[in-house]
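Good morning, and thank you for coming. I should like to walk you through one structure, step by step. Please keep the display in view while I speak.

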Amino acid sequence: QVQLAESGGGLVRPGESLRLSCAASGNIFSIDGVGWYRQAPGKARELVASIANNGNIKYLDSVQGRFTIVRDSSKNTVYLQMNSLQSEDAAVYYCNAVGGSFLSWGQGTQVTVSS
């Protein structure tokens, strides 16, 4: 099993930046990929960015060029660098990890964007 812990959320103003962290523990060698999702009130959870073990990276169209997903294998951590934050980016952000036989979610971290 894999456990995930997100951190780094907070309150920022439009145009500012945040870096979210997703630290993995447990059977990390079984992870095939990690994704960052978000869910705003009244909306479905959506995939924001993902990174696979082979290095393949995908982004939600609306965050392309503003968000960057980075994996630090030495720290078992995947980061989501979020620049030029907009009000539409406000949500609870979750990371998840997938492997051959599991799907794990973190507890989420709140991102609020407000002037």
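Let me begin with a term: a residue is called buried when its relative accessible area is under 20%, exposed when that area is over 50%, and partly exposed in between. By that rule Ser50, with a relative accessibility of 17%, counts as buried. Please note that what you see is a predicted model. Ser50 belongs to strand β5. Leaving aside residues up to four places away in sequence, Ser50 touches Val34, Gly35, Asn56, Ile57, Lys58 and Ile69.

From this one residue I turn to the nonpolar core. The largest such core has 28 residues. Which of them have the most contacts inside it? They are Trp36, Phe67, Leu80, Met82 and Tyr93. Several strands contribute to this core: β1 (2-7), β3, β4, β5 (46-52), β7, β8, β9 (91-99) and β11 (109-113) each supply at least two residues.

Met82 is worth following a little further. Beyond residues up to four places away in sequence, the contacts of Met82 are Glu16, Ser17, Leu18, Leu20, Arg66, Phe67, Tyr93 and Val111. Phe67 and Tyr93, which Met82 touches, have just been named among the core residues with the most contacts.

Arg66, another contact of Met82, leads us to the charged side chains. In general, side chains of opposite charge can pair when their charged atoms come close. How many salt bridges does the structure hold? There are three.

I shall take them in turn. In one of them, Glu46 pairs with Arg38, and the closest N and O atoms are 2.8 Å apart. Glu46 has a relative accessibility of 30%, so Glu46 counts as partly exposed. Arg38, by contrast, has a value of 6%, and therefore counts as buried.

Arg38 also meets Asp89 in a salt bridge, with an N to O distance of 2.9 Å. Because Arg38 lies in strand β4 and Asp89 in the loop between β8 and β9, this pair ties together parts that are 51 residues apart in sequence. Is Asp89 buried or exposed? Asp89 is buried, as its relative accessible area is 1%.

The side chains of Arg66 and Asp89 form a further salt bridge, at 2.8 Å from N to O. Here too distant parts of the chain are linked: Arg66 sits in the loop between β6 (57-59) and β7, Asp89 in the loop between β8 and β9, and the two are 23 residues apart. Arg66 counts as buried, at 11% relative accessibility. Taken together, Arg38, Glu46, Arg66 and Asp89 are linked in a network of salt bridges.

We come next to empty space. Rolling a probe the size of a water molecule over the atoms shows where such space is left. The largest pocket in this model has a volume of about 290 Å³. Its lining is made by 18 residues, and Ile28, Ile31, Arg71, Ser73 and Asn76 lie nearest its centre. Strands β3 (18-26), β4 (31-39), β7 (67-72) and β8 (77-82) are the elements that give two or more residues to this lining. By type, the lining residues divide into eleven nonpolar, five polar and two charged.

Asn76 brings us to the backbone. Most residues other than glycine have a negative phi. Asn76, however, has a positive phi, near 50°. Asn76 is found in the loop between β7 and β8, and at 32% relative accessibility Asn76 counts as partly exposed. Ser84 also has a positive phi, of about 50°, although Ser84 is not a glycine. Ser84 is found in the loop between β8 and β9, and its relative accessibility of 38% makes Ser84 partly exposed.

One last residue remains, Thr112, in strand β11. Thr112 counts as partly exposed, with a relative accessibility of 29%. Which residues does Thr112 touch, apart from those up to four places away in sequence? They are Gly10, Leu11, Val12 and Ala90. Finally, the C-alpha atoms of Thr112 and Asn27 are separated by 32 Å, and these two residues are 85 residues apart along the chain.

Thank you for your attention.

Notes
Residues are numbered from 1 along each chain as its sequence is written. This is a predicted model: local features need pLDDT of at least 70, side-chain atom pairs count only at pLDDT 80 or more; totals for chains, interfaces and linings use all residues. Side-chain values use heavy atoms; hydrogens and water are left out. On a 1 Å grid over the protein atoms alone, a cavity is a set of points where a 1.4 Å probe fits but cannot get out, and a pocket is an open set with protein on both sides within 12 Å along at least five of seven lines; lining residues have an atom within 4 Å of a point. Grid points are joined across faces, edges and corners, and a volume is the space filled by probe spheres set on the points. Helices (H or I, at least four residues) and strands (E, at least two) are DSSP runs, numbered from the N terminus. Ala, Val, Leu, Ile, Met, Phe, Trp, Tyr, Cys and Pro count as nonpolar, Asp, Glu, Lys and Arg as charged, and the others, Gly among them, as polar. A nonpolar core is a set of buried Ala, Val, Leu, Ile, Met, Phe, Trp, Tyr and Cys residues joined through side-chain atoms within 4.5 Å. Buried means under 20% relative accessible area, exposed over 50%, partly exposed in between (1.4 Å probe, protein chains only). Contact means heavy atoms within 4.5 Å. A salt bridge is a side-chain nitrogen of Lys or Arg within 4 Å of a carboxyl oxygen of Asp or Glu.
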